[in-house]
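Open the model in your viewer and set it to show side chains as sticks. The stops below can be selected one after another.

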Amino acid sequence: MAADQKKKEGLTFFLKGRMEQDEVIIPGGQQSFNLLAFSTANCLVELEEDKEEIKARTPVNVFYL
């Protein structure tokens, strides 16, 4: 992950992302109605339910689109 991410603990989040070299960038506009993030995404990033804050450079699961 290129930057820190925060989320509600107890929920698994899947964010639209862009893998560039060995780093995932999470674009703005993650709302379900906003298709801009999907237009630049090449992967989905899983943020596990047991964490509330994920620091930059933390390994995450990536699912390529």
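This tour of a predicted model goes through its salt bridges, its surface patches and two lysines.

**Salt bridges.** A search of the whole structure finds three salt bridges. Side chains of opposite charge can pair when their charged atoms come close.

Select Arg57 and Glu23. Their closest N and O atoms are 3.0 Å apart, and the two form a salt bridge. Arg57 sits in the loop between β5 and β6 (61-64) while Glu23 belongs to strand β3, so this pair ties together parts that are 34 residues apart in sequence. Arg57 is exposed, at 62% relative accessible area, whereas Glu23 is partly exposed at 27%.

Next, select Arg18 and Glu20. This salt bridge has its closest N and O atoms 3.8 Å apart. Arg18 is partly exposed, with 33% relative accessibility, and Glu20 is partly exposed as well, with 41%.

Then select Lys55 and Glu53, whose side chains meet in a salt bridge at 3.2 Å, N to O. Lys55 has a relative accessibility of 45% and counts as partly exposed; Glu53 is partly exposed at 36%.

**Lys6.** Keep Glu53 selected and add Lys6 and Glu52. Lys6 is in contact with both Glu52 and Glu53, leaving aside neighbours within four places in sequence. Lys6 lies in strand β1 (residues 5-6) and is exposed, because its relative accessibility of 66% is over 50%. For a distance check, pick the C-alpha atoms of Lys6 and Val60: they are 14 Å apart, with the two positions 54 residues apart along the chain.

**Negative patch.** Glu52 leads to the next selection: Glu9, Glu48, Glu49, Asp50 and Glu52 gather in a patch of negative charge on the surface. Within this group, Glu48 is found in the loop between β4 (43-47) and β5 (53-54) and is partly exposed at 37% relative accessibility.

**Lys16.** Select Lys16 in strand β2 (residues 13-20). How far away is the nearest side chain of opposite charge to Lys16? That side chain is Glu46, 16 Å away; Lys16 is buried and has no salt bridge. Show the residues that Lys16 touches beyond four places in sequence, among them Ile26, Pro27, Gln30, Asn34, Phe38, Cys43 and Leu44.

**Nonpolar patch.** Keep Phe38 and add Leu35 and Leu65. These three make a nonpolar surface patch of about 350 Å². Leu35 is in the loop between β3 (23-25) and α1 (36-40), and is exposed at 60% relative accessible area.

Conventions
Residues are numbered from 1 along each chain as its sequence is written. This is a predicted model: local features need pLDDT of at least 70, side-chain atom pairs count only at pLDDT 80 or more; totals for chains, interfaces and linings use all residues. Side-chain values use heavy atoms; hydrogens and water are left out. Helices (H or I, at least four residues) and strands (E, at least two) are DSSP runs, numbered from the N terminus. Buried means under 20% relative accessible area, exposed over 50%, partly exposed in between (1.4 Å probe, protein chains only). Contact means heavy atoms within 4.5 Å. Patches are made of residues with over 30% relative accessible area and no salt bridge: like charges are joined within 9 Å, nonpolar side chains (Val, Leu, Ile, Met, Phe, Trp, Tyr) within 5 Å. Accessible areas come from the Shrake-Rupley method with a 1.4 Å probe; for residues, only the protein chains shown count as cover. A salt bridge is a side-chain nitrogen of Lys or Arg within 4 Å of a carboxyl oxygen of Asp or Glu. Lys and Arg count as positive and Asp and Glu as negative; His and the chain ends are not counted. The place of a charge is taken as NZ of Lys, CZ of Arg, CG of Asp or CD of Glu.
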